Amino acid sequence: MESHQVYLGLGSNLGDRRQNLNRAIRLIGERVGTVLRQSSFIETEPWGFESEHTFLNAVILCETDKTPREVLQLTQQIERDMGRRKKTLSSLLIPLFAYKRYSDRPIDIDILMYDDLTVDEPDLKIPHPLMHERDFVMIPLKEITDN
């Protein structure tokens, strides 16, 4: 079975943020693959929206036998299992100009990189197209790739 290296970015700004990150990392280890490296947790301001709740962020390196699509589905299921709300029909009826893409959340998991693969699909983009703009991704990513 072929193994792949996937970097995942994690963030939480609702509830017990440290516990949320630790639980997500444990669930990723159980469902996606072995967690090889984990960055420190860093506290950051919300990005792309305003909130009184700051984020705790981390990046992990995971070894997996899953495809990128399977990793996406598994991480989205972990988000749902941990209480992340997805768009509802009523939110889709809000005029586009009023739609907020980012919001407070107990957990957010993004695929940052998967081997040296490039994927450009409507719901899956690898490497993550905005990661270089985000210190909350680049600082912990640099921490675990420089070792």
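Here is a chat about the predicted model shown above.

Student: Before we start, what kind of model is this, and how are the residues numbered?

Tutor: This is a predicted model, in which local features need pLDDT of at least 70, side-chain atom pairs count only at pLDDT 80 or more, and totals for chains, interfaces and linings use all residues. Residues are numbered from 1 along each chain as its sequence is written, and side-chain values use heavy atoms, with hydrogens and water left out.

Student: Cool. How many helices and strands does the protein chain have?

Tutor: The protein chain has four helices and seven strands. Here helices (H or I, at least four residues) and strands (E, at least two) are DSSP runs, numbered from the N terminus. The order from the N terminus is β-α-β-β-β-α-α-β-β-β-α.

Student: And what share of the residues is buried?

Tutor: Of the 147 residues in the protein chain, 42% are buried. Buried means under 20% relative accessible area, exposed over 50%, and partly exposed in between (1.4 Å probe, protein chains only).

Student: Let's look at α1. Which of its residues are buried?

Tutor: Those are Asn20, Leu21, Ala24, Ile25, Leu27 and Ile28. Down the axis of α1 they fall within an arc of 165 degrees, so they line one face of the helix. The arc is that of the directions from the helix axis to the C-beta atoms.

Student: What's on the face turned away from that buried side?

Tutor: Gln19 and Glu30, which are exposed, sit there.

Student: And what do the buried residues of α1 pack against?

Tutor: They pack against β1 (4-12), β2 (33-38), β4 (55-64), α2 (68-81) and β5 (108-114). For contacts, heavy atoms have to be within 4.5 Å.

Student: Gly29 is in α1 too, right where I'm looking. Is it buried or exposed?

Tutor: Neither label fits: Gly29 is partly exposed, with a relative accessible area of 35%. Gly29 and Thr64 are 35 residues apart in sequence, and 9.3 Å apart in space, C-alpha to C-alpha.

Student: Switching to α4. Which residues are buried there?

Tutor: In α4 (residues 135-145), the buried ones are Phe136, Val137, Pro140, Leu141 and Ile144. Seen down the axis of α4, they fall within an arc of 110 degrees, so they line one face of the helix. Asp135 and Lys142 are exposed on the other side of α4. The buried residues of α4 pack against β1, β2, β3 (42-44), β4 and β5.

Student: β5 again! Why is it described as largely enclosed?

Tutor: Six of the seven residues of β5 are buried, so the strand is largely enclosed by the rest of the structure.

Student: In which sense do β1 and β5 pair?

Tutor: β1 and β5 are antiparallel, with six bridges; two strands pair if DSSP finds at least two bridges between them. Gly11 stands opposite Asp108 in β5.

Student: Any backbone oddities? What about the peptide bond from Ile126 to Pro127?

Tutor: That bond is cis, with omega near -5 degrees, and Pro127 is in the loop between β7 (124-126) and α4. Asp115 has a positive phi of about 45 degrees although it is not a glycine. Asp115 lies in the loop between β5 and β6 (119-121).

Student: Last one: what sits over the ring of Trp47?

Tutor: The charged end of Arg134 does, 4.2 Å from the ring centre. A charge sits over a ring if NZ of Lys or CZ of Arg is within 6 Å of the ring centre and within 35 degrees of the ring normal.
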